[in-house]
Amino acid sequence: MPYLLFPQEAQFFRNVRRALTQLYQSARYGKLKPPIVVVFGDDEFLVHRVIQRLTDLLLPSEERQTSLTILEGKEATEAELAQALFEPTFGFQLTRRRVVILKSPSFLKEQSKRKRDDLAWYRFLQKVPEGTYVLIALTEQPSNSQLNLLNEIALLIPLSKLRQQDLPEFVQMLAEQSAIRMDKAAIQELIERVGNDARQLATEIEKLALYIGVDGRVTVDIVRELVPSLAMDVFALMNAVVEGNAAKALRMLDGLLQRRENPMLILHLLARQFRFLLQARLMLESKLISPALLHARADAFRQQLEKIPEEFKQRLPEDSRLNLLKQSPAVIRNFLLQARNFSREQIVEALRLILETDVGFKTGVDQGQQLALLILNLCRMREAAQQLQRPLWGNETRWLKREVMEVFVGFAQADITPEVGAVIPGGFRKRISTGVHDPLHATACVISDEQTTVAIVSVDALSVKRSVVESARKLAQSRCGIPAQNIMVAATHTHCGGPIANAFESEADDGYCRFVAEQIAEAIVKAEEGKMKAKIGLAVGHENRIAFNRRFVMKDGRHQTHPGKGNPDIVRPAGPTDPDVGVIAAQDEDGHMLGFIVNFACHCTVMGGTEFSADYPFYLAETLRKEFGDQCLTLFLQGASGDVTQVANTLPREPEFGEKWAWRIGTRLGGEVIKAVALMDFVESVPLQVAHSNISLARRQVPEKMLEEAKRVLSEDGEPTVDRIYAREIVLLADEVRKQPFVDAEVQVIAIGRTALVAIPGELFCQFGLDIKRASPFPTTFVVTCANGMVGYLPTPEAFKGGGYEVRLARSSQLVPDAGNQLVGEALQLLQSLSVPPASPSPQIKTPAWDVGASPPELTGLSP
């Protein structure tokens, strides 16, 4: 049998691509001749990519469970091969089609020791049944004798590692296979960001296809928005160093090395970061930037940058890549914030360590190990800075001088399930409950460090009115003494909760609101009474496959919420998601888990129907209870999910609704919490701090013309259509705005050690949540929404320009476009008013070297 292309031709990817296109065409129509294909080469990813592509074309996904056999290495014996080829399986009898994949089969390695007539596998492959295809993947170069033998019965496909000049064509092929379009500039940008790693390029193409959708066009801007670059990853690594978080920084470095990033390039980018840091420090010492402006709005910060005198600018490098002031304002702001944590001498010392590492790279010692040692030293230097140096600006850390206090924690729960027949808010139309899928609760966690006591309550509800929060706080304070301002009450935002909110056709039930306030207080009191000496652990997991931005930029330039799966007019998501899974865990003195606080950004809109349910947080809590015991309770705190939901509008799969998907999402989230706990360090003392403030937010005035049209629609008889429902909203909102043109909003921060919880009383858009996290002085920040009241949706100013459900005028979207920015600014001021505790010093652990590990090369037994 012939080669698909000869090895010398395979050195040029253009030839490979042309040949594979013809081969795939044959496979698509079931005309693959011969039925045996051998793909070999030293790029494991490319080899397996071709095998996977052929499998996809030869065998529909629904047939793979019964008609696909994969044998690998030692499992690929001649006996197993015979069974896979000739056994009349049910799937083969039904479809008369099957695929057998052999990955580096062991019998091939043994063939050189046996005569051809003794090779059973060779005889088997000569008699492959009709409808059966054999795909052989070899990731080591076969010997000439193996190739000669295989060439008699199979089609041979040699593959070579991609050369730099082949990458654009390779990316173009991947894009075509994923049914997306990429212009040359976008392809070049992707290659610059990812490098020549074929696997990583394919992964990023798949991500782009997921976000853009079928037949979408990928531009340079989209690549820059969605594809992380090495520079961005080193930027994040630098953030971990600034936090003094050695474990996090080393994990990130390991990820870069696993991705086969060039250690020398990582080192040079780190050097660039510290050069920027030095320039930022000089700007701070020269008082060129006011501390207040570090957290100001973007336009105010940009104006301040424009006022920096030319004399200072001339002191900076001419090369724009090394000049901090020639970077974006967001980058400059970040370095200014980081520079507050270092003295000029420490930054210079860091640059000296980097130079030493650069010299060490030339000695032949493992570069990855040298980088790890550098990161460790930089983090230790940061720890020393926290212990010995006060930042240039910051708050007094007088509480650091106090004695180490023990921490006491209690969890408790109170049932808030309404009577069946009550209204379920959260849908566009009125729903009357017909049953209870799972009970609704108010779950409380009380934490005390002997000086300060805080209570955090999660309520299975669409939202919690400010009046309910204030009532519950007063009751709790009177019964157990916890100050009202130290109590955070947050709704999980389940759309299958009780009648506690005014939303479209649903109105709150005053009696139920009073009952919920009473039960919140009851849960707090029980948690306070049951608190015990405990240890606290804090971590952040990562889950990026269950939450998706639900707003999309469409071809007409407007934004649309839930445009529908398979919509050809989708261009790209209009906003980000936040994959952080924030976890606070508490153990008793014996190591038994008391409970969890879990923070994640995704709408609780999965269950639907007419039964009360906590939605996917119910399955989250069940997963953790089954793992850690019935005593373990879980508080779910909703993140910045105003535009984030479980629906993957660009994924061609079944709609993500109902009990099945609630279980999937809750269980997967619970699994991520368990992973975080597995590597969590628990401490016996965490200082607690609280700050809060109230601000007035302006409501949008209802235009007179819109109000007149709403009244006209309502004056006519008709069914409750979308227009009639919104007309009612306009009339109700106009009356409320006339009586009260401003609403009060409470912003609250509770700091638990080096982790801050920021409570926002509305449905904050995800971008705002990310902004708070990035600008927060605390190493870890949880953004908690639907907390301490509800002022409605808080979209970004860009969202108002694009349109969509969340910005349409109604009682659920009533505030001026700048309201979100005001709340974010207030939250950052509160965060700055608190003191960030120093990181615990890393233990200075030394262990003896393994005596066998230093065996000299003379003991290898090889001649010199």
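**Exercise 1. Helix α10 and the residue after it**

Task: In this predicted model, state which residues of helix α10 (residues 167-177) are buried, and describe the phi angle of Ala179, which follows the helix.

Solution.
Step 1. A residue counts as buried when its relative accessible area is under 20%.
Step 2. In α10, the buried residues are Leu167, Glu169, Phe170, Val171, Met173, Leu174 and Ala175.
Step 3. Ala179 comes after α10 and has a positive phi, near 60°.

**Exercise 2. The five-stranded sheet and its helices**

Task: Determine the strand order of the open sheet of five strands, identify its edge strands, and describe how helices α3 and α9 are placed on it.

Solution.
Step 1. The order of the strands is β2-β3-β4-β1-β5, and their pairing is parallel.
Step 2. An edge strand pairs on one side only; here the edge strands are β2 (68-72) and β5 (155-159).
Step 3. On average, and with direction ignored, neighbouring strands are turned by 15° against each other.
Step 4. Five bridges join β1 (residues 36-41) to β5 in the parallel sense. Within this pair, Gly41 has Leu159 of β5 as its bridge partner.
Step 5. Helix α3 (residues 44-58) lies across β1, β2, β3 (98-103), β4 (132-138) and β5, and runs at about 170° to β4.
Step 6. Helix α9 (residues 144-151) also packs on the sheet, where it touches β1, β4 and β5. The direction of α9 makes about 140° with that of β5.

**Exercise 3. The pair α16 and α20**

Task: Explain why helices α16 and α20 are described as roughly antiparallel, and give the composition of their contact by residue class.

Solution.
Step 1. The axes of α16 (residues 263-285) and α20 (residues 344-360) come within 10 Å and cross at roughly 165°.
Step 2. Angles over 145 degrees count as roughly antiparallel.
Step 3. The two helices α16 and α20 are therefore roughly antiparallel to each other.
Step 4. The crossing of this pair is left-handed.
Step 5. On the α16 side, the contact includes Met264, Leu267, Phe274 and Arg281; on the α20 side, it includes Arg344, Ile347, Leu351 and Asp358.
Step 6. By class, the residues of this contact comprise 13 nonpolar, two polar and five charged.

**Exercise 4. The pair α22 and α23**

Task: Describe the packing of helix α22 (residues 466-480) against α23, including its handedness.

Solution.
Step 1. The axes of α22 and α23 lie 8 Å apart, and the helices pack at an angle of about 35°.
Step 2. The crossing is right-handed.
Step 3. Among the residues that meet are Val468, Ala472, Leu475 and Arg479 in α22, and Cys513, Val516, Ile520 and Glu528 in α23.
Step 4. The contact consists of 12 nonpolar, one polar and four charged residues.

**Exercise 5. Three loop residues**

Task: Locate Pro425, Thr492 and Thr721, and classify each as buried, partly exposed or exposed.

Solution.
Step 1. Pro425 is in the loop between β9 (423-424) and β10 (431-432). Its relative accessibility is 0%, so Pro425 counts as buried.
Step 2. With neighbours within four places in sequence left aside, the contacts of Pro425 include Arg431, Leu462, His495 and Pro499.
Step 3. Thr492 sits in the loop between β14 (487-491) and α23 (510-529). Because its relative accessible area is 0%, Thr492 is buried.
Step 4. Again leaving aside neighbours within four places in sequence, Thr492 is in contact with Ser458, Val459, Asp460, Ala461, Cys604, Phe636 and Gln638.
Step 5. Thr721 belongs to the loop between α26 (704-715) and α27 (722-739). Its relative accessible area is 36%, so Thr721 is partly exposed.
Step 6. Thr721 and Arg429 are 292 residues apart along the chain, and their C-alpha atoms are separated by 9.3 Å.

**Exercise 6. The four-stranded sheet**

Task: Give the strand order of the open sheet of four strands, and explain why one side of β26 and of β30 has no neighbour in the sheet.

Solution.
Step 1. The order is β26-β27-β28-β30, with mixed pairing.
Step 2. β26 (688-698) and β30 (780-784) are at the edges and have a single partner strand each, so one side of each lacks a neighbour in the sheet.
Step 3. From one strand to the next, the twist averages 15°.
Step 4. β28 (residues 755-759) pairs with β30 in the parallel sense over five bridges, and Ala759 stands opposite Val784 in β30.
Step 5. Helix α28 (residues 766-775) packs on the sheet and touches β28 and β30, its direction making about 150° with that of β30.
Step 6. Helix α30 (residues 819-833) packs on the sheet as well, touching β26, β27 (742-752) and β28, with its direction at about 155° to that of β26.

Conventions: Residues numbered from 1 in each chain as written. Predicted model: local features only at pLDDT ≥ 70, side-chain atom pairs only at ≥ 80, totals over all residues. Heavy atoms only, no water. Axes fitted to C-alpha atoms, helices over the stretch in contact; angles between N-to-C directions. Parallel < 35°, antiparallel > 145°, perpendicular 65-115°, else oblique. Left-handed = near helix turned anticlockwise from the far one by under 90°. Contact = heavy atoms within 4.5 Å. Nonpolar A, V, L, I, M, F, W, Y, C, P; charged D, E, K, R; others polar. Pairing = 2+ DSSP bridges. Buried < 20%, exposed > 50% of the residue type's maximum accessible area, 1.4 Å probe, protein only.
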